Amino acid sequence: MTPALQPLRRIAAYCVCADGDTFLLVRASAKSGTPGVWSLPGGAVDHGENPVDTVVRETAAETGLSVAVVKLRDVLADMRALPARELTIHTDRLIYEVSVRGGALRDRVGQPTDLARWVTLEEAKTLPLRRFTADALGLPEAAADVRPDGTPQIPSFYAVPGPDGLHRAQRFAAYAVCTDRRNRVLLTRISDGYPGGGCWHLPGGGTDFGEQPGVALIRELVEETGQEGKIVELLGVASHRDAAQLGPEGYPIDWHGVRAFYRVQVARSSRPVIHDVGGSTAEARWFDPEELDELPLTEVTEEALRGVGLR
């Protein structure tokens, strides 16, 4: 049993980098929370940083190689316990495929990782791997991560004082480009007093501690609209920073949101009903594609609808 641990949440980006039959891995050093364990190159997304930039920056720092992002491969979340540090960590992980542009493989000294190696899948099977790394390589689940005994109850959005005295928040969320059999699009109107108040937005929202993005999205869809949908595909990830966002808190927040977008289909659409009354969603409606031109849409909604050919 693990003792009572303090919750910590972060967003991180990693890469699957292949060279023929070998894959690039890095080893955690004694300065990390899991010394001796191997994982994909990558690390925490800095406040305001685009995850694509994170994975390029972290891979260069950990391996000496310059990489270019090819595509988003997966989005997932996991929890692990670090009893020695009295922490339970929830990490939202963005996994990208990359190609090498140049550089030379090197090891580091005195950093959270100390070795970088190209390994075959057979060699990787013999290594202690982080669970998300084993999953990404299609290997049996590794036991290197310690699972916590329970899930802490903390809000998906909370602000803390930053180094400049301004409150700061980083939030991971999942949203849906949701359609029904008639190709209508489901949108929600943001409540007054919230950023973007009065504009129409994609259904979805922040994920809870310990919750997978896809599970969170289906939950949010029911809470905001009363619709039961099925995820068809992962569309992409977007990063947005508002250095002084004003919301219902009543004071400016340096806000950084990282959002995963999915294509969702509703087989049996119905009149939308908001179950989470009094929150950021004021209204939910189905729209025919030709009606979208008349709506005040958020920028991210415009971009997502264009990406799937609905604008």
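Is Asp78 buried or exposed, and at what relative accessibility? In this predicted model, Asp78 counts as buried, at 14% relative accessibility, and the legend of the first close-up view shows which partner its side chain has.

**View 1. Arg93 and Asp78 form a salt bridge between two strands.** The closest N and O atoms of Arg93 and Asp78 are 2.5 Å apart. This pair links distant parts of the chain, since Arg93 belongs to strand β6, which covers residues 87-103, whereas Asp78 belongs to strand β5, which covers residues 65-82, and the two residues are 15 residues apart. Arg93 is buried, with a relative accessible area of 0%, and Asp78, at 14%, is buried as well, because buried means under 20% relative accessible area.

**View 2. Arg57 and Glu49 are joined by a salt bridge.** In this pair the closest N and O atoms are 2.8 Å apart. Arg57 counts as partly exposed, at 32% relative accessibility, whereas its partner Glu49 is buried, with a relative accessible area of 13%. Why does Arg57 count as partly exposed? The class of partly exposed residues lies between the limit of 20% for buried and that of 50% for exposed, and therefore the 32% of Arg57 places it there.

**View 3. Arg241 and Asp254 form a salt bridge that links strands β13 and β14.** The closest N and O atoms of the two side chains are 2.6 Å apart. Arg241 is found in strand β13, made up of residues 230-245, and Asp254 in strand β14, made up of residues 253-266, so that the pair, 13 residues apart, is described as linking distant parts of the chain. Arg241 counts as partly exposed, at 41% relative accessibility, while Asp254 counts as buried, at 3%.

**View 4. Five charged residues take part in a network of salt bridges.** The members that are linked in this network are Asp208, Glu211, Arg219, Glu220 and Glu223. The structure as a whole holds 19 salt bridges.

**View 5. Arg9 lies in strand β1 and has polar contacts with Asp92 and Thr207.** Strand β1 runs over residues 6-19 and includes Arg9, which is buried, with a relative accessible area of 16%. The side chain of Arg9 is joined to that of Asp92 by a polar contact of 3.1 Å, and to that of Thr207 by a polar contact of 2.3 Å. When its neighbours within four places in sequence are left aside, the residues in contact with Arg9 are His90, Asp92, Ser156, Tyr158, Phe172, Thr207, Asp208 and Phe209. One of these contacts, Asp208, is also a member of the salt-bridge network of View 4.

**View 6. Two aromatic pairs are shown, out of 3 that a search of the whole structure finds.** Tyr14 and Phe132 form a tilted pair, with 4.5 Å from centre to centre and 50° between the planes. Tyr14 lies in strand β1 and Phe132 in helix α3, which covers residues 131-136, and the pair links these distant parts of the chain, 118 residues apart. Tyr14 is buried, with a relative accessible area of 4%, and Phe132 also counts as buried, at 2% relative accessibility. Trp200 and Phe287 form an edge-to-face pair, with 5.0 Å from centre to centre and 80° between the planes. This pair, too, links distant parts of the chain, with Trp200 in strand β11 (residues 200-201) and Phe287 in strand β15 (residues 281-287), 87 residues apart. Both Trp200 and Phe287 are buried.

**View 7. Cysteines appear here without disulfides, of which a search of the whole structure finds 0.** The cysteine sulfur closest to that of Cys15 is in Cys17, and because the distance is 5.5 Å, it is too far for a bond. Cys15 is buried, with a relative accessible area of 0%. Cys178 is in no disulfide either, and the nearest cysteine sulfur, that of Cys199, is 20 Å away. Cys178 is buried, with a relative accessible area of 0%.

**View 8. Residues 169-309 form one of the two stretches covered by a domain annotation.** The annotation, which comes from an unreviewed UniProt entry, reads "domain: Nudix hydrolase" and covers residues 8-143 and 169-309. Over residues 169-309 the chain is 16% helix and 43% strand, and the end C-alpha atoms are 32 Å apart.

Note on methods
Residues numbered from 1 in each chain as written. Predicted model: local features only at pLDDT ≥ 70, side-chain atom pairs only at ≥ 80, totals over all residues. Heavy atoms only, no water. Helix = DSSP H or I, 4+ residues; strand = E, 2+ residues; numbered from the N terminus. Buried < 20%, exposed > 50% of the residue type's maximum accessible area, 1.4 Å probe, protein only. Polar contact = N/O pair within 3.5 Å; in protein donor to acceptor, adjacent residues only side chain to side chain. Contact = heavy atoms within 4.5 Å. UniProt positions renumbered as here; feature names shortened; annotations may be inferred. Phe/Tyr/Trp six-rings, centres within 6.5 Å; stacked < 30°, edge-to-face > 60°. Disulfide = S-S within 2.5 Å.
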